[in-house]
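Trainee: Hi! I have a new structure to get to know, and I could use a guide. Can we walk through it together?

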Amino acid sequence: MASRMGLIGCLIVVVALLNGATTQVTAAVEYQVGDSLGWAVPPNSSYYSTWASSKTFFPGDKLTFHVTNGTHTVAMVSEAEYNACTKVTSFFELQPSVSFAYTLETASTYYIICTISNHCEQGQKISFKVESTGLPPNSASSLSVGALFVVLTTTAISFLTYF
């Protein structure tokens with residue numbers, strides 16, 4: 001009887017560990033746009049796209065635009081305005097040593113430019129995709145495996161209890 005209880009206890013621990021392995025927890029992350037460069041005219045036109053491509057953004061994440069010198073703006077624009085560096089009238093203006101934080105609210109593609117002079121044309125613009133917080137693509141199979149282990153464990157426990 002004691003060995004059965006020990007086996008049952010082990011099976012419960014295994015199921016709990018497998019269930020924990022198939023659960024994904026996502027916490028909000030705060031990013032400083034451009035890292036140490038901050039929000040400035042970059043050294044090359046691909047600087048911000050390279051920076052963004054190394055990140056995975058989710059709703060709830062926060063972007064902080066920090067300016068160390070000069071005046072810059074943060075303007076959310078459409079894809080066409082982004083591609084053409086269109087000067088829009090709705091923006092947030094930043095002075096040196098000032099930061100602007102924006103929390104990403106929805107899964108979508110975001111387009112942000114600086115509207116000062118020719119800063120956008122020089123590469124001070126960023127586009128990135130915010131992923132959905134839904135289950136990752138392979139999670140359905142992980143959940144199926146977890147469900148299979150629960151069924152097998154329940155069957156094993158039932159078998160050991162009756163014999």
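Mentor: Happy to. Strand β6, residues 109-113, is a good place to start, and keep in mind that this is a predicted model. Four of the five residues of β6 are buried, so the strand is largely enclosed by the rest of the structure.

Trainee: Which strands does β6 pair with?

Mentor: One partner is β3, residues 72-76, which pairs with β6 in the antiparallel sense over two bridges. Another is β7, residues 125-129, and there the antiparallel pairing runs over five bridges.

Trainee: Which residues could I click on to see that?

Mentor: For the β3 side, pick Ala-75, whose bridge partner in β6 is Ile-113. For the β7 side, pick Tyr-111, which stands opposite Ser-127.

Trainee: And what is the strand order in the sheet they belong to?

Mentor: The order is β4-β3-β6-β7, in an open sheet of four strands with antiparallel pairing. β4 and β7 stand at the edges with a single partner strand each, so one side of each is left without a neighbour in the sheet. Neighbouring strands here are turned by 20 degrees against each other on average, ignoring direction.

Trainee: How many bridges hold β3 and β4 together?

Mentor: Three, again in the antiparallel sense. One place to look is Thr-73, whose bridge partner in β4 is Glu-93.

Trainee: Okay, zooming out. How many helices and strands does the chain have?

Mentor: Four helices and seven strands. Reading along the sequence, you get the pattern α-β-α-β-β-α-β-β-β-β-α.

Trainee: What share of the residues is buried?

Mentor: 29% of the 163 residues count as buried. As for contacts, take those between residues at least 6 apart in sequence: 73% of them join residues at least 24 apart.

Trainee: What about the strands we haven't covered?

Mentor: Three strands form another open sheet, in the order β1-β2-β5, and its pairing is mixed. β1 (30-32) and β5 (99-103) are the edge strands, each with a single partner, so one side of each has no neighbour in the sheet. The average turn between neighbouring strands of this sheet is 20 degrees, direction ignored.

Trainee: Do β1 and β2 run parallel or antiparallel?

Mentor: Parallel, with three bridges joining them. If you want a pair to look at, Tyr-31 has Leu-63 in β2 as its bridge partner.

Trainee: New topic: charges. How many salt bridges are there?

Mentor: The count comes to one. It joins the side chains of Lys-87 and Glu-121, at 3.6 Å from N to O. Lys-87 lies in the loop between α3 (79-84) and β4 (92-94), and Glu-121 in the loop between β6 and β7, so the pair ties together parts that are 34 residues apart in sequence.

Trainee: How exposed are Lys-87 and Glu-121?

Mentor: Both are in the middle category. Lys-87 is partly exposed at 41% relative accessibility, and Glu-121 is partly exposed at 47%.

Trainee: Where does Asp-61 sit, then?

Mentor: Asp-61 is in the loop between α2 (47-53) and β2 (62-66). It is buried yet has no salt bridge, and the nearest side chain of opposite charge, Lys-62, is 11 Å away.

Trainee: What does Asp-61 have around it instead?

Mentor: A polar atom of the Asp-61 side chain lies 2.9 Å from the backbone nitrogen of Phe-58. Leaving out residues up to four places away in sequence, Asp-61 touches several others, including Ala-27, Val-29, Tyr-31, Tyr-102 and Leu-104.

Trainee: Last one. Which residues have a positive phi without being glycine?

Mentor: Two to look at are Cys-85, with a phi of about 55 degrees, and Ser-97, with a phi of about 65 degrees. They are worth a look because most residues other than glycine have a negative phi.

Trainee: Are those two buried or exposed?

Mentor: Cys-85, in the loop between α3 and β4, is buried, with a relative accessible area of 8%. Ser-97 lies in the loop between β4 and β5 and is exposed, with a relative accessible area of 63%.

Trainee: Great, I'll go and find them in the viewer. Thanks!

Technical notes: Residues numbered from 1 in each chain as written. Predicted model: local features only at pLDDT ≥ 70, side-chain atom pairs only at ≥ 80, totals over all residues. Heavy atoms only, no water. Buried < 20%, exposed > 50% of the residue type's maximum accessible area, 1.4 Å probe, protein only. Pairing = 2+ DSSP bridges. Salt bridge = Lys/Arg side-chain N within 4 Å of Asp/Glu carboxyl O. Lys, Arg positive; Asp, Glu negative; His and termini not counted. Polar contact = N/O pair within 3.5 Å; in protein donor to acceptor, adjacent residues only side chain to side chain. Contact = heavy atoms within 4.5 Å. Axes fitted to C-alpha atoms, helices over the stretch in contact; angles between N-to-C directions.
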